[in-house]
Amino acid sequence: MGKMDNGLTGGFRGKLGTLVGAKMNGQYIVRNAPKKGGRQPTLAQLNHRQKFRLVSKFLRPINKVIKRFFDPDTEAKSKLNVALAYHLKEAVKQVEGEYVIDLEKVVITKGILLTIFVDQVLLENKEFTITWSANPLFNRIGATDALTLILYQKSTKSLFVFENVAKRDAMEFKFQLPGSFEDTGYALWGLC
């Protein structure tokens, strides 16, 4: 089913018969729907599909954050496409024959952001406490920037996003984790 945005004279998105409409870089394009091939996919194609599915599923909960903070080197690609391409190439590894996200290589932001220095992260009774200090190079610049935290629970492969939870100059933030969260290992990213 296609969706028309501006009536009969506007472009459309979706499938309409044998046509597929899409909006790319602010312009509508129409093309023929792809035909299913009769050949079996190669092992390399199956592996790429598996990695693509893994990275897409990992990034989906943080798409909004990526759209705000991931600056592509080129205007030709969207921020999400650049982030997807990076993670496919750099942040996927194979462990015991299965593809997994390499959390040490995950990049949530790309571009210039004022940094904070995390001093301590504590987890007690499902309450996180994070303390940080300001980057002395930037002094009081950005003191009121809002902190966004992204928490990844390794066992369930769940992402929790906490947006605009504290100001940069607060130097500490405490938050209660959802009841479903279990401390079986986690990764944490903080953005200001």
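How exposed is Arg68, in terms of relative accessible area? In this predicted model, Arg68 has a relative accessible area of 40% and is therefore partly exposed. The salt bridges formed by this residue are taken up again below, after a short overview of the fold.

The protein contains 3 helices and 12 strands. Its chain comprises 192 residues, 30% of which count as buried. Among contacts with a separation of 6 or more, 54% join residues that lie 24 or more positions apart. The exposed area of the protein comes to about 12900 Å², and 52% of this is supplied by carbon and sulfur atoms.

Helix H3 makes a convenient starting point. This helix covers residues 79-90, so to speak a run of 12 residues. From the first C-alpha to the last, H3 reaches 16 Å, which is close to the 16 Å expected at 1.5 Å a residue. Its buried residues are Val82, Ala83, Leu84, His87 and Leu88. These buried residues pack against two other helices, H1 (43-59) and H2 (63-69), and also against strand S5 (92-95).

Aromatic side chains come next. The structure holds 5 aromatic pairs. In one of them, Phe128 and Phe175 are stacked, with a centre-to-centre distance of 5.4 Å and an angle of 10° between the planes. Phe128 belongs to strand S8 (residues 127-134) and Phe175 to strand S11 (residues 172-176), so this pair ties together parts that are 47 residues apart in sequence. Both Phe128 and Phe175 are buried. A further stacked pair is formed by Phe173 and Phe175, at 5.3 Å centre to centre and with 20° between the planes. Phe173 counts as buried because its relative accessibility is 14%, below the 20% limit for that class. Phe175 has a relative accessible area of 6% and is likewise buried. Ring pairs join Phe128, Phe173 and Phe175 with Phe162 and Tyr186 into a cluster.

Strand S8 also holds Thr129. Thr129 has a relative accessibility of 13%, so this residue counts as buried. Which residues is Thr129 in contact with, leaving aside its neighbours within four places in sequence? The list consists of Gln120, Val121, Leu122, Glu172, Phe173 and Lys174. Phe173 thus appears both among the contacts of Thr129 and in the aromatic cluster.

Charged side chains bring the account back to Arg68. Side chains of opposite charge can pair when their charged atoms come close. A search of the whole structure finds 2 salt bridges. Lys64 forms a salt bridge with Glu163, and the closest N and O atoms of this pair are 3.3 Å apart. Lys64 lies in helix H2 and Glu163 in strand S10 (residues 158-167), so the pair ties together parts that are 99 residues apart in sequence. Glu163 also forms a salt bridge with Arg68, where the closest N and O atoms are 2.8 Å apart. This pair, too, links distant parts of the chain, as Glu163 is in strand S10 and Arg68 in helix H2, 95 residues apart. Lys64, Arg68 and Glu163 are accordingly linked in a network of salt bridges. As for accessibility, Lys64 counts as exposed at 55%, whereas Glu163 is partly exposed with a relative accessible area of 27%.

The surface also has a nonpolar patch. Leu16, Leu19 and Val30 make this patch, which covers about 250 Å². Val30 lies in strand S4 (residues 27-32). With a relative accessibility of 49%, Val30 counts as partly exposed, since the exposed class begins over 50%.

Two backbone positions deserve a look as well. Most residues other than glycine have a negative phi. Lys126, although not a glycine, has a positive phi of about 60°. Lys126 sits in the loop between strand S7 (116-124) and S8, and counts as partly exposed at 33% relative accessibility. Lys157 is not a glycine either, and has a positive phi of about 55°. The place of Lys157 is the loop between strand S9 (146-153) and S10. At 53% relative accessibility, Lys157 counts as exposed.

Technical notes. Residues numbered from 1 in each chain as written. Predicted model: local features only at pLDDT ≥ 70, side-chain atom pairs only at ≥ 80, totals over all residues. Heavy atoms only, no water. Helix = DSSP H or I, 4+ residues; strand = E, 2+ residues; numbered from the N terminus. Buried < 20%, exposed > 50% of the residue type's maximum accessible area, 1.4 Å probe, protein only. Contact = heavy atoms within 4.5 Å. Areas by Shrake-Rupley, 256 points an atom, 1.4 Å probe, with all protein chains shown as cover. Phe/Tyr/Trp six-rings, centres within 6.5 Å; stacked < 30°, edge-to-face > 60°. Patch = residues over 30% accessible without salt bridge, like charges linked within 9 Å, V, L, I, M, F, W, Y side chains within 5 Å. Salt bridge = Lys/Arg side-chain N within 4 Å of Asp/Glu carboxyl O. Expected span 1.5 Å × (residues − 1).
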